[in-house]
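Here are some exercises to help you find your way around a new structure. Try each task on your own, then follow the solution step by step.

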Amino acid sequence: MPASLSTTSSRNTGNKERSDWKLTAYPVMEHFYTIQGEGAHAGQAAYFIRLAGCDVGCWWCDVQESWDASVHPEIAAEELVDAACESGSSIVVITGGEPLMHDLTALTEGLHEAGLQIHLETSGSSPLTGHIDWVTLSPKRFKEPLVEIFPHVDELKVVVLTRKDLIYAEKNAAECPAGTLKMLQPEWDTPESVPLIVKYVKENPDWRISLQTHKLLNVP
Ligand code: SF4
């Protein structure tokens, strides 16, 4: 399980690019200081950067307003890094939308220069870029992950609606490194998935349950 990863684009970063990261802009739906609600780091304070744009199209998506990047403002990486630093958080979560629709080299370079730890939440359906400290892969059958992401996965988090999703979870887990944290998360509006998951985790204790605790607690 890699503590960090280097992609081709970030490894090749030269001095000129290094000085230019501040100017790179990203379409951003929202960025805010909150509590990570789900997955391995649930309960930890974190600065969230929700990049706009998604081409995956999950019908049950709860952030559909993120899909069209063109309706969201472009914000310079420098402004995003400054906001994360001012929050006092040591962790930044880059999420979406599908954040890998954008080249994350500049943003992650700036965040690391500021000494922040970077977590990524992705479907893995676009090429991996940037230096990431913790990769959470949430694969979606609507647009499958690229095989190149699997060696970098620290946490596999599969949203479950039906039994088919449990089979899909195992299929993806088989591609992940040994030691990857394996999480099953009930889809929020599908309560019938809960008994399925509980039974499955009891029978397969190498899996854990992830809950969207921020929704339970109304943490914005
Ligand atoms: S990948 Fe994420 S943001 Fe995109 S449609 Fe699916 S749940 Fe929504």
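**Exercise 1. Find the volume of the largest cavity and work out what lines it.**

Solution. Start with the size: in this predicted model, the largest cavity has a volume of about 60 Å³. Counting cavities of 30 Å³ or more gives one.

Next, list the lining. Gln36, Glu38, Gly39, Ala40 and His41 are among the residues there, and so are His119, Leu120, Glu121, Trp134, Thr136, Glu155 and Lys157.

Now sort them by element. Strand 5, strand 6 (134-137) and strand 7 each supply at least two residues, and strand 5 gives the most, with three.

Finally, sort by class: the lining has three nonpolar, five polar and four charged residues.

**Exercise 2. Describe the largest pocket: its space, its lining and the elements behind it.**

Solution. First the space: about 860 Å³ lies in the largest pocket. The lining is made of 40 residues, and Glu38, Arg50, Asp62, Val63 and Gly96 are the closest to the centre.

Then look at which elements give two or more residues to that lining. They are strand 1 (25-35), strand 2 (45-51), strand 5 (117-122), strand 7 (155-160), strand 8 (181-186) and helix 7 (213-216). Strand 1 has the largest share, five residues.

Last comes the class count: 16 nonpolar, 14 polar and 10 charged residues make up the lining of the largest pocket.

**Exercise 3. Say where the ligand sits and which residues surround it.**

Solution. Place the ligand first: it sits in the largest pocket. Then collect its neighbours, which are Cys54, Val56, Gly57, Cys58, Trp60, Cys61, Val63, Trp67 and Gly97.

Now check the chemistry of this shell. Seven of its residues are nonpolar and two are polar, with no charged residues.

**Exercise 4. Do the same for the second largest pocket: give its volume and its lining.**

Solution. The volume of the second largest pocket is about 180 Å³. It is lined by 13 residues, and Trp60, Arg141, Phe142, Leu161 and Asp165 lie nearest its centre.

Two elements give two or more residues to this lining: strand 7 and helix 5 (163-173). Helix 5 provides the largest share, three residues.

Class by class, you get eight nonpolar, one polar and four charged residues in the lining of the second largest pocket.

**Exercise 5. How many disulfides does the structure have, and why does cysteine 176 not form one?**

Solution. Recall what you're looking for: a disulfide is a covalent bond between the sulfur atoms of two cysteines. A search of the whole structure turns up zero disulfides.

Take cysteine 176 as the test case. The closest cysteine sulfur belongs to cysteine 58, and it is 17 Å away. The cut-off for a pair is 2.5 Å, so that sulfur is too far away for a bond.

One more detail: cysteine 176 is buried, with a relative accessible area of 12%.

**Exercise 6. Find out how many residues of helix 4 are buried, and what follows the helix.**

Solution. Helix 4 covers residues 105-113, and seven of its nine residues are buried. They are Thr105, Ala106, Leu107, Thr108, Glu109, Gly110 and Leu111.

After helix 4 comes glycine 115, which has a positive phi near 85°.

**Exercise 7. Pick out what is unusual in the backbone at glycine 97 and at asparagine 218.**

Solution. Begin with the background: most residues other than glycine have a negative phi, and most peptide bonds are trans.

Glycine 96 and glycine 97 are joined by a cis peptide bond, with omega about 20°. Glycine 97 lies in the loop between strand 4 (91-95) and helix 4.

Asparagine 218 isn't a glycine, yet its phi is positive, about 55°. Look for asparagine 218 in the segment after helix 7. Its relative accessibility is 66%, so it counts as exposed.

**Exercise 8. Is lysine 182 buried or exposed, and how far is it from histidine 152?**

Solution. Locate lysine 182 in strand 8. Its relative accessible area is 15%. Buried means under 20%, so lysine 182 is buried.

For the distance, go from C-alpha to C-alpha: lysine 182 and histidine 152 are 14 Å apart in space and 30 residues apart in sequence.

Technical notes: Residues numbered from 1 in each chain as written. Predicted model: local features only at pLDDT ≥ 70, side-chain atom pairs only at ≥ 80, totals over all residues. Heavy atoms only, no water. Buried < 20%, exposed > 50% of the residue type's maximum accessible area, 1.4 Å probe, protein only. Near = heavy atom within 4 Å. 1 Å grid on protein atoms, 1.4 Å probe; cavity = no way out; pocket = protein on both sides within 12 Å on 5 of 7 lines; lining within 4 Å. Sits in = over half its atoms within 2 Å of the grid points. Nonpolar A, V, L, I, M, F, W, Y, C, P; charged D, E, K, R; others polar. Points joined across faces, edges and corners; volume = space filled by probe spheres on them. Helix = DSSP H or I, 4+ residues; strand = E, 2+ residues; numbered from the N terminus.
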